[in-house]
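Q: I am new to protein structures and would like a close look at a single part of this one. Could you walk me through how two of its helices meet?

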Amino acid sequence: MEEQSLINGCINHESWAQKQLYEKYAPAMMSICLRYAGEKETARDLLQDGFVTLFTKIHTYSGKGAFPAWVKKIFVNTALEYLRKSNDVLRFSTDITEALHLQDTDISVLQQLSANDLLAYVTKLPHGYRTIFNMYAIEGYLHAEIAEELGIQEVTSRTQFIRARQLLQKMILEDKR
């Protein structure tokens, strides 16, 4: 079915259109929610909240830009809002001092990982690291945008990204030994 007719159906609160839009985007949006939440139960809640927001605000979609990108932005913002409310963005449960002394990663080990393997490691990062890693490395935000979005300093975003990357490298190397 053509995307514009789905959008129009959702604007008109037609359940068939909402169901089809949900079925079309739920798997990819669940992946986004899981990357930010780190665990399935919270990710499911974020998925539901994201679709409520999507269906409530679908009338604001201007048609400029790709609709999938607009949908993705809603779910990223839903996850970020959850993290802001839960105050987990800046709370880190892992002592990262060890990660600062990490040696260079064996590139051959990293080349053996699939995208799904890497995302599984990302979900194991502490909330703050995971949020910034997702926003920068996966979503493509700039550190200045991350800082503005999360209410932190740009240098904090850069530092947390570096530490997240180091911690990922450490986890991967430890598992491959």
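A: What follows begins with the whole chain and then turns to one pair of helices. This is a predicted model, in which local features need pLDDT of at least 70, side-chain atom pairs count only at pLDDT 80 or more, and totals for chains, interfaces and linings use all residues. Residues are numbered from 1 along each chain as its sequence is written, and side-chain values use heavy atoms, with hydrogens and water left out. The protein has nine helices and zero strands, where helices (H or I, at least four residues) and strands (E, at least two) are DSSP runs numbered from the N terminus.

Two packed helices are described by the angle between their axes and the distance between the axes. For helix H7 (residues 127-138) and helix H9 (residues 154-176), the axes come within 8 Å and cross at roughly 100 degrees, the axes being lines fitted to C-alpha atoms over the stretch in contact, with angles from 0 to 180 degrees between N-to-C directions. H7 and H9 are therefore roughly perpendicular to each other, a label that covers 65 to 115 degrees, while angles under 35 count as roughly parallel, over 145 as roughly antiparallel and the rest as oblique.

On the H7 side, Tyr129, Ile132, Phe133, Tyr136 and Ala137 make the contact, and they meet residues of H9 including Phe161, Ala164 and Leu167; contact means heavy atoms within 4.5 Å.

Tyr136 and Phe161 are also among the residues in contact with His143, once its neighbours within four places in sequence are left aside. His143 lies in helix H8 (residues 143-150) and is buried, with a relative accessible area of 7%, where buried means under 20%, exposed over 50% and partly exposed in between (1.4 Å probe, protein chains only).
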